[in-house]
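Here are some short exercises to help you find your way around a new structure. Try each one with the structure in view, then follow the worked solution.

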Amino acid sequence: MSRNIRVLELFLSNYRNHRSLKIETEKNIIFISGKNGSGKTNILESISLLTTNSGMRNSHLNSLVNQNSKVHEFAVILQLKLKKVIKFGIGLISKEDNFKKILKVDGKTESKINLAEHIKIFWLLPYMYNIFNGSSSERRNFFDSLIFHVDKDHKRNLTNYQKLQKERLKIIKSFSIFGSQKKWLDTIETKMSALGAIICDSRRQFLKKVNKFSATNHLTFPEIELSLDGIIDSYFEQKPAIEVEKIIVKKLFENRKIDSIIGRTQFGINRTDLKVLIKKKNMFANNCSTGEQKIIMVTIIFLFILLLKDKNVLNIIFLLDDLFAHLDETYVEIILDELIKLNIQTWITDVSCNYLTKDFKFFDQILFLNINDM
């Protein structure tokens, strides 16, 4: 399961506002148009269930069932072209008022298969286009989510770091720390410093690769430069990793009292922010217009996918929700041009596609679906 993945057929039954919907896809670009609230995003979400427990919007499973249904269940059936055509079925089962997603492969229930290891599904949702004006944690989490697909250890390291961080806060909030607790606290902070150094280094190495692709792959998108704005990140520019680990341990020890009072870790990898510079304009993304920020986000994703393709990772499906809002026709053409060059199946939604007439040079390479007519 690795190369040139395609959804050949998608069938939804009782899924959100779709009582019954069938889509056959013979092209790489699928453009879904329709009024707001018609269920365009729901179609993209159903595909994202292949690699997530509750979809790209992280919804409660029971909310995926059509509200007018008498039976509390839904079905998402996909025919995927992998090394061969395989039929996947996704549904819902209820156990003691709890809901659980079930997956069937060619009609057989699978409990252990991890499709995320074989299929990569990337999505852009409207809120993500404004991430440069959001919180640093949103940008950091977005950046880490990209690294997960390149560095298989990065997610595990982050999870372990966060567990240690919670355990440390739990201990230092105690009124008194004695004997074994103090020894365990020292051990936790030592482990946090080692993991923190590894995580920061993974971020830095990934960032360098993306910047290299931005400089050497001449896309029609703007050249950008990513950087990490954090104290620990700055230390890595000046000192070897072993020295940075010692600094982290020292700072964690010194901050025990203040961290116990405020209830969070003042010094650590959670204080890093992602900065994006548009080279030609010498301007950071947060100072750009809404349309420019959307182009920058798409550029980052494109660079990431080029990086994956360079590693011969072609098991990708792209989901772009409401992508073309606030963009003029010039950028619409640029984006479609680059998508076609990527040769990756891409699902796009928009309220209307009237601006894409038969004279449009990519018209024949796009499957147009008006959901209001289905």
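**Exercise 1.** In this predicted model, find which residue of strand 13 stands opposite Ser33, and then work out how strand 3 is placed among its partners.

*Solution.*
- Step 1. Opposite Ser33 you will find Asp350, in strand 13.
- Step 2. Widen the view: strand 13 covers residues 345–350 and runs parallel to strand 3, with five bridges joining the two.
- Step 3. Now look for another partner. Strand 14 (residues 366–370) also pairs with strand 3 in the parallel sense, over five bridges. Here Ile29 stands opposite Ile366.
- Step 4. Check the cover. Strand 3 spans residues 29–33, and five of its five residues are buried.
- Step 5. Sort the side chains by direction. Ile29, Phe31 and Ser33 point one way, while Ile30 and Ile32 point the other way. In a regular strand, side chains alternate between the two faces of the sheet.

**Exercise 2.** Put the strands of the open antiparallel sheet in order, and say which strands stand at its edges.

*Solution.*
- Step 1. The sheet has three strands, in the order 9-10-11, with antiparallel pairing.
- Step 2. Strand 9 (224–229) and strand 11 (283–284) each have a single partner strand, so one side of each has no neighbour in the sheet; these are the edges.
- Step 3. Take a closer look at one pairing. Strand 10 (residues 273–278) and strand 11 are joined over two bridges, and Leu277 has Phe284 of strand 11 as its bridge partner.

**Exercise 3.** Describe helix 2: where does it lie, what is its span, and what covers its buried residues?

*Solution.*
- Step 1. Helix 2 is made of residues 136–147 and lies across strand 9 and strand 10, at about 85° to strand 10.
- Step 2. For its span, go from the first C-alpha to the last. The 12 residues reach 17 Å, close to the 16 Å expected at 1.5 Å a residue.
- Step 3. List the buried residues of helix 2: Arg139, Arg140, Phe142, Phe143, Asp144, Leu146 and Ile147.
- Step 4. Look at what lies over them. The cover includes helix 3 (154–172), helix 4 (179–216) and helix 8 (290–310), along with strand 9 and strand 10.

**Exercise 4.** Is Lys182 buried, exposed or partly exposed?

*Solution.*
- Step 1. Locate Lys182 in helix 4.
- Step 2. Its relative accessibility is 40%, so Lys182 counts as partly exposed, since that class lies between the 20% and 50% cut-offs.
- Step 3. For a sense of place, compare Lys182 with Ile171: they are 11 residues apart in sequence, and their C-alpha atoms are 8.7 Å apart in space.

**Exercise 5.** Explore the nonpolar cores: which residues have the most contacts inside the largest one?

*Solution.*
- Step 1. The largest core has 99 residues, and Leu10, Leu336, Leu339 and Trp347 have the most contacts inside it. Helix 8 gives the most to this core, with 13 residues.
- Step 2. A second, separate core has 22 residues, including Cys200, Phe236, Ile248 and Ile269.
- Step 3. Return to Leu10. Leaving out residues up to four places away in sequence, its contacts include Ile23, Ile43, Val76 and Trp347.

**Exercise 6.** How many disulfides are there, and are Cys200 and Cys288 buried or exposed?

*Solution.*
- Step 1. Search for cysteine sulfur atoms within 2.5 Å of each other; the count comes to zero disulfides.
- Step 2. Cys200 has 0% relative accessibility, so it counts as buried.
- Step 3. Cys288, at 10%, counts as buried too.

Technical notes:
Residues are numbered from 1 along each chain as its sequence is written. This is a predicted model: local features need pLDDT of at least 70, side-chain atom pairs count only at pLDDT 80 or more; totals for chains, interfaces and linings use all residues. Side-chain values use heavy atoms; hydrogens and water are left out. Two strands pair if DSSP finds at least two bridges between them. Helices (H or I, at least four residues) and strands (E, at least two) are DSSP runs, numbered from the N terminus. Contact means heavy atoms within 4.5 Å. Axes are lines fitted to C-alpha atoms, for helices over the stretch in contact, and angles run from 0 to 180 degrees between N-to-C directions. The expected span of a helix is 1.5 Å times one less than its number of residues. Buried means under 20% relative accessible area, exposed over 50%, partly exposed in between (1.4 Å probe, protein chains only). A nonpolar core is a set of buried Ala, Val, Leu, Ile, Met, Phe, Trp, Tyr and Cys residues joined through side-chain atoms within 4.5 Å.
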